[in-house]
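This report describes the fold, the nonpolar cores and selected backbone features of one protein. The sequence and the structure are shown first.

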Amino acid sequence: MNVTIRILDAGETRAAIADLSETLSDCVNGGASLGFMLPFGPQDAVSYWQEIADAVEKGGIILAAAEVEGRVVGTVQVGLAAKPNQPHRGDLMKLLVHRSARGLGLSRKLMDAVEAEAARRGRTLLVLDTATGSDAEKIYPRFGWERVGVIPDYAMWPQGGFCGTTLFYKRVA
């Protein structure tokens, strides 16, 4: 199986919008709390990925992608803090792996790639939040992230109902 992990530029992001949209839709439909509500299909994700491509072009987002046999089936982002007092910080966002590609170690490979790129761009501290009680919450400590705490009723699950969010951080170099 041919697996490639790479950091996408804006043009590559735009070229991958169909695959990225399918992956996001699959994750939302699988119950992941990612800011979107059901029903949610790939067509609903296109404008989101167009905004991400614009942010990549402006240098505000690092976007890593996992490709299996030439198809993007996983992704993760780091938003680069733009405030003058936070040039060292980034926000990890939307670690996604299509359900058909889980079990291949793509999450770890994506995290390694985006953390290294964030460090290369001068970031030494990354933060994230993830739905409390989700499968994703269990992954981050295995990747060296430190749990900070929980904010109750922070967001909603895609099917409705409140969920808390768990905050994590990691120092990268």
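## Overall dimensions and burial

Buried residues account for 46% of the 173 residues in the protein. The model is predicted. The radius of gyration is 15 Å, in agreement with the value near 16 Å that a compact globule of 173 residues would have. Along the principal axes, the C-alpha trace extends over about 35 × 35 × 30 Å.

The exposed surface of the protein comes to about 8500 Å², of which carbon and sulfur atoms supply 52%. The charged side chains comprise 19 positive and 20 negative ones, and the centres of these two sets are 5 Å apart.

## Secondary structure and chain topology

Five helices and seven strands make up the secondary structure of the protein. Their order along the sequence is β-α-α-α-β-β-β-α-β-α-β-β. When contacts between residues at least 6 apart in sequence are considered, 62% of them join residues at least 24 apart.

## The largest nonpolar core

In soluble globular proteins, nonpolar side chains tend to be buried together. In this model, the largest nonpolar core contains 26 residues, and Val76, Val78, Leu92, Met111, Tyr140 and Trp145 have the most contacts inside it. At least two residues of this core come from each of strands S2 (61-68), S3 (71-80), S4 (89-97) and S5 (125-131), and likewise from each of helices H4 (106-120) and H5 (135-142). Helix H4 provides the largest share, six residues.

Which residues does Met111 touch, not counting residues up to four places away in sequence? With that exclusion, the contacts of Met111 are Val76, Leu92, Leu95, Tyr140, Phe143 and Trp145.

## A separate core and the surroundings of Ser21

Apart from the largest core lies another core, of 21 residues, which includes Ala10, Ile17, Phe40 and Tyr48.

Ser21 belongs to helix H2 (residues 17-29). Its relative accessible area is 1%, so Ser21 counts as buried, the cut-off being under 20%. Leaving aside residues up to four places away in sequence, Ser21 touches Pro42, Ala45, Val46 and Trp49.

## Backbone features

The peptide bond that joins Leu38 and Pro39 is cis, with omega about -5°. Pro39 is located in the loop between H2 and helix H3 (42-58).

Two residues other than glycine with positive phi may be noted, Glu69 and Lys94. For Glu69, phi is near 55°; this residue is in the loop between S2 and S3. Is Glu69 buried or exposed? Because its relative accessibility is 54% and the cut-off for exposed is over 50%, Glu69 counts as exposed. For Lys94, phi is near 50°, and Lys94 is placed in strand S4. With a relative accessible area of 22%, Lys94 is partly exposed.

## Pro141 in helix H5

Helix H5, one of the elements that supply at least two residues of the largest core, contains Pro141. The relative accessibility of Pro141 is 45%, so this residue counts as partly exposed. Pro141 and Phe168 are separated by 27 residues in sequence, and their C-alpha atoms are 8.6 Å apart in space.

How values were computed:
Residues numbered from 1 in each chain as written. Predicted model: local features only at pLDDT ≥ 70, side-chain atom pairs only at ≥ 80, totals over all residues. Heavy atoms only, no water. Helix = DSSP H or I, 4+ residues; strand = E, 2+ residues; numbered from the N terminus. Rg over C-alpha atoms; globule rule 2.2 N^0.38 Å. Buried < 20%, exposed > 50% of the residue type's maximum accessible area, 1.4 Å probe, protein only. Contact = heavy atoms within 4.5 Å. Areas by Shrake-Rupley, 256 points an atom, 1.4 Å probe, with all protein chains shown as cover. Lys, Arg positive; Asp, Glu negative; His and termini not counted. Charge placed at Lys NZ, Arg CZ, Asp CG, Glu CD. Core = buried A, V, L, I, M, F, W, Y, C linked by side-chain atoms within 4.5 Å.
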